[in-house]
Number of protein chains: 2
Amino acid sequence: MSSVSRVLTNHPDVSEKMRTRVMRSVEALSYEPDWLAQSLRRRETQTVGFTMADISNRVMAEIVMGAETELRERGYSMILTNSEGDGNRDAQHIITLGRRRVDGLLVATAVEGNRATVRALKETGVPVVVIDRNLPRTVGASAAYFDHRAGMREAVGHLLELGHRRISLVLGQRFRPTIERRSGLEEAYSERGLSPTFDVLEGHYDEQHGTDATTRVLDGPDPPTAVIAGSNQLLTGALRAIKRHGLKVGRDISLASCDEVSLTELYEPPIAVVHRDNTEMGRRSAQLLLERLRGDPPPGVVTLPTWFEPRPSCVAPAKVARRSRK
Amino acid sequence: MSSVSRVLTNHPDVSEKMRTRVMRSVEALSYEPDWLAQSLRRRETQTVGFTMADISNRVMAEIVMGAETELRERGYSMILTNSEGDGNRDAQHIITLGRRRVDGLLVATAVEGNRATVRALKETGVPVVVIDRNLPRTVGASAAYFDHRAGMREAVGHLLELGHRRISLVLGQRFRPTIERRSGLEEAYSERGLSPTFDVLEGHYDEQHGTDATTRVLDGPDPPTAVIAGSNQLLTGALRAIKRHGLKVGRDISLASCDEVSLTELYEPPIAVVHRDNTEMGRRSAQLLLERLRGDPPPGVVTLPTWFEPRPSCVAPAKVARRSRK
DNA sequence: ATAAAGTCTGGAACCCTTTCCGGTATGAGT
DNA sequence: ACTCATACCGGAAAGGGTTCCAGACTTTAT
């Protein structure tokens with residue numbers, strides 16, 4: 001048995017004769033070492049856990065795909081847990097994954113700064129890579145970020161150049177992407193020396209908030225001439241509200257969104273978007289983790305770009321001061 | 001140690017005194033049984049594998065979400081593998097998951113009827129639930145199906161009632177959903193005693209095929225008055241082709257698709273779709289598996305409905321015999 | 001009071017590898 | 001011919017639980 005083990009793990013203390021003898025038997029019996037026993041003895045499972053807010057979200061699904069591919073190529077399997085947007089579940093899942101003896105953790109938590117989650121991450125004892133979330137430095141996690149700020153600054157810059165001054169940015173709950181996008185917006189105004197005549201509507205990254213927030217600003221005393229949606233769900237909601245107000249995108253109002261989906265491309269007129277490469281994000285996050293699984297370098301950081309693509313949904317604001325309402 | 005084990009697993013042979021004594025120590029040491037050791041000894045890992053074609057596909061992502069939720073509630077974790085549409089990888093992943101000692105398998109393979117995959121499933125030795133794929137009966141798998149046929153029959157029926165006779169159905173590679181949709185189309189014609197003046201264009205469930213196939217039929221000698229896309233990717237492609245031909249959906253040509261996405265709902269005009277509940281599919285598949293993990297009942301079968309929702313993208317065919325081309 | 005039955009408990013085997021360690025065989029050096 | 005080093009091998013412990021089993025201690029029945 002010891003020799004079999006040595007042969008199969010390429011230990012140097014094995015004669016050629018023994019090697020062939022073992023291999024022949026292995027072949028004959030189609031023997032395969034038991035993964036559990038191996039993991040137990042070696043103290044590693046070649047498995048990583050991925051805790052996320054919501055896998056049914058396209059962005060997440062693409063990240064998962066990228067990560068899974070990268071991990072699989074290096075012999076790791078991925079256990080996936082879905083918090084369904086519930087911050088309390090994040091911590092629970094991290095603990096469960098720890099018990100399952102994962103070798104490392106990929107996290108894109110539903111909520112940022114949940115005490116239990118932060119504690120769980122600190123105590124987990126395995127390398128952690130956090131994906132597009134701000135976590136206390138003390139967690140000691142590697143991080144992969146999107147530079148949402150840059151893309152948003154470009155988008156807002158484009159609208160400002162077109163002559164817009166009142167812009168509404170509809171965002172979700174307050175976590176890294178939200179904060180960065182808001183900063184991008186502010187920077188676009190301030191770098192042009194313009195007074196901040198925009199509003200930011202934070203809520204949830206869902207359709208309902210998209211509709212509600214957009215309706216609210218359109219009904220307000222000083223409605224925006226351009227709306228930017230912070231996600232495709234928000235976009236859907238925003239479009240619904242805009243439609244209900246009888247406004248035509250790219251004529252009565254300008255519209256931009258984050259993340260390309262079939263809707264943005266094929267809508268009439270096509271909708272400008274801030275792009276990013278989610279699959280790449282998955283791959284890079286996995287790489288950050290793998291780095292720390294062999295060797296034990298200090299936590300790494302990767303930042304991926306986002307970029308704006310103008311489209312006919314963004315036009316110069318109508319000259320009319322006040323538009324018709326529904 | 002034995003007593004600790006008995007207490008923690010609720011074995012009946014434990015006195016009340018021992019129970020409290022153990023629990024007190026467990027508390028004090030915050031002891032937790034090692035998952036690997038437990039799995040090794042009990043010969044079960046409370047883990048299931050999910051092999052799928054493509055997690056970045058929205059339909060799959062929703063199924064995964066449903067399944068993960070259901071499994072997690074019963075204490076199971078899910079390992080996810082993604083075949084990236086490559087049939088050869090399916091078999092590989094099934095074998096890998098087997099080695100990982102998963103207790104059961106959820107499969108929505110990229111390819112149907114791959115020899116290696118079928119063999120791997122037969123040999124895996126754990127319960128299998130196949131999701132919306134046809135597998136040889138000999139595999140002994142439980143199955144969860146969508147009734148694509150019914151939804152498609154409704155959709156085509158609707159178009160036929162509107163007066164369409166030349167309908168093009170754009171589908172992907174030949175596997176269960178494809179075959180069922182085709183049957184639905186055929187049935188809609190035949191149950192009205194109409195001669196089958198439709199064409200079915202099989203290819204891949206991707207945008208490219210959507211564009212190519214649609215372009216081909218629109219350029220053909222006898223172009224369809226209605227097109228049905230078999231997925232949202234195909235829809236995107238089809239819309240692109242229709243646009244390029246300078247046709248207006250809901251006026252020059254009728255269009256329907258499968259699966260609701262923001263595009264179908266918000267397109268101008270809104271696009272009719274065949275609906276289905278993917279999350280429910282995930283849940284039910286997981287339930288089928290869980291059923292077989294406790295007890296060992298014979299393989300079960302579940303069929304979930306699909307249903308058609310007419311929308312303004314479907315109108316009576318234009319009276320003009322031949323429409324303008326680009 | 002005693003046999004029989006029942007309740008608990010701890011020891012040991014087992015799940016399946018990996019790895020440490022002592023020991024044999026072989027070859028080189030003198 | 002005899003060390004000494006080297007190469008290789010098998011036994012045993014360890015990894016951390018679960019479960020069988022025999023035995024000790026109670027309790028019940030007679």
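This section describes the arrangement of two protein chains and two DNA strands in a predicted model.

The relation between the protein copies is considered first. Two copies of a chain are related by a rotation about an axis and a shift along it. In the present model, chain B is superposed on chain A by a rotation of 180° with 0.0 Å of shift along the axis, and the RMSD of this superposition is 0.1 Å. That is the relation of a two-fold axis. The contact between the chains involves 34 residues of chain B and 34 residues of chain A. On the side of chain B that touches chain A, two or more residues are given by each of α3, α4 (58-73), β2 (77-82), α10 and α11 (262-266) of chain B. The largest share of that side, eight residues, is provided by α4(B). By class, the side of chain B that touches chain A comprises 15 nonpolar, nine polar and ten charged residues. Of the interface residues of chain B, 100% are also interface residues in chain A, so the copies meet through the same surface.

The surroundings of the DNA draw on both protein chains. Around DNA strand C there are 21 residues, of which A:Ser2, A:Ser5, A:Asp34, A:Ala37 and B:Met18 come nearest. At least two residues of the surface near DNA strand C are supplied by each of α1 (2-8) and α3 (35-42) of chain A, and likewise by each of α1 (2-8), α2 (16-29) and α3 (35-42) of chain B. The residue classes near DNA strand C are seven nonpolar, seven polar and seven charged. DNA strand D is surrounded by 23 residues, the closest being A:Met18, B:Ser2, B:Ser5, B:Asp34 and B:Ala37. For the surface near DNA strand D, the elements giving two or more residues are α1, α2 (16-29) and α3 of chain A, together with α1 and α3 of chain B. Among these elements, α3(B) gives the most, with five residues. Nine nonpolar, seven polar and seven charged residues make up the surface near DNA strand D.

In chain A, an open sheet of six strands has the order β7-β6-β8-β9-β10-β12, with mixed pairing. At the edges stand β7 (198-202) and β12 (307-309) of chain A, each with a single partner strand, so one side of each is left without a neighbour in the sheet. From one strand to the next, the twist averages 15°. Within this sheet, β8 (residues 226-229) and β9 (residues 254-258) of chain A run parallel and are joined by three bridges. A:Ala226 has A:Ser254 as its bridge partner in β9(A). Helix α9 (residues 207-219) of chain A packs on the sheet through β6 (167-171), β7 and β8 of chain A, and its direction makes about 160° with that of β6(A). Helix α10 (residues 232-244) of chain A lies across β6, β8 and β9 of chain A and runs at about 145° to β8(A).

A further set of paired strands in chain A is centred here on β5 (residues 142-146). Five of the five residues of β5(A) are buried, so this strand is largely enclosed by the rest of the structure. Both faces of β5(A) are covered, with A:Ser142, A:Ala144 and A:Phe146 buried on one side and A:Ala143 and A:Tyr145 buried on the other. Strand β4 (residues 128-131) of chain A runs parallel to β5(A) and is joined to it by three bridges; A:Val130 stands opposite A:Ala143 in this pairing. Four bridges, also in the parallel sense, link β5(A) with β11 (residues 301-304) of chain A, where A:Tyr145 stands opposite A:Thr303.

In chain B, six strands likewise form an open sheet of mixed pairing, in the order β7-β6-β8-β9-β10-β12. Its edge strands are β7 (198-202) and β12 (307-309) of chain B, each pairing on one side only. Neighbouring strands of the sheet are turned by 15° against each other on average, direction ignored. Strand β10 (residues 272-275) of chain B and β12(B) run antiparallel and are joined by three bridges; B:His275 has B:Trp307 as its bridge partner in β12(B). Helix α8 (residues 176-190) of chain B lies across β6 (167-171) and β7 of chain B, at about 170° to β6(B). Helix α10 (residues 232-244) of chain B packs on the sheet as well, touching β6, β8 (226-229) and β9 (254-258) of chain B, and its direction makes about 145° with that of β8(B).

Definitions and conventions
Residues are numbered from 1 along each chain as its sequence is written. Chains are lettered from A and ligands numbered from 1 in the order in which they are written. This is a predicted model: local features need pLDDT of at least 70, side-chain atom pairs count only at pLDDT 80 or more; totals for chains, interfaces and linings use all residues. A residue is near a molecule or strand if its C-beta atom, placed from the backbone, lies within 6 Å of it. Ala, Val, Leu, Ile, Met, Phe, Trp, Tyr, Cys and Pro count as nonpolar, Asp, Glu, Lys and Arg as charged, and the others, Gly among them, as polar. Two strands pair if DSSP finds at least two bridges between them. Axes are lines fitted to C-alpha atoms, for helices over the stretch in contact, and angles run from 0 to 180 degrees between N-to-C directions. Two residues are in contact if their C-beta atoms, placed from the backbone, lie within 7 Å. Copies are superposed by least squares on the C-alpha atoms of residues with pLDDT of at least 70 in both. A residue is buried if 20 or more other C-beta atoms lie within 10 Å of its own, exposed if 12 or fewer, and partly exposed in between; C-beta atoms are placed from the backbone.
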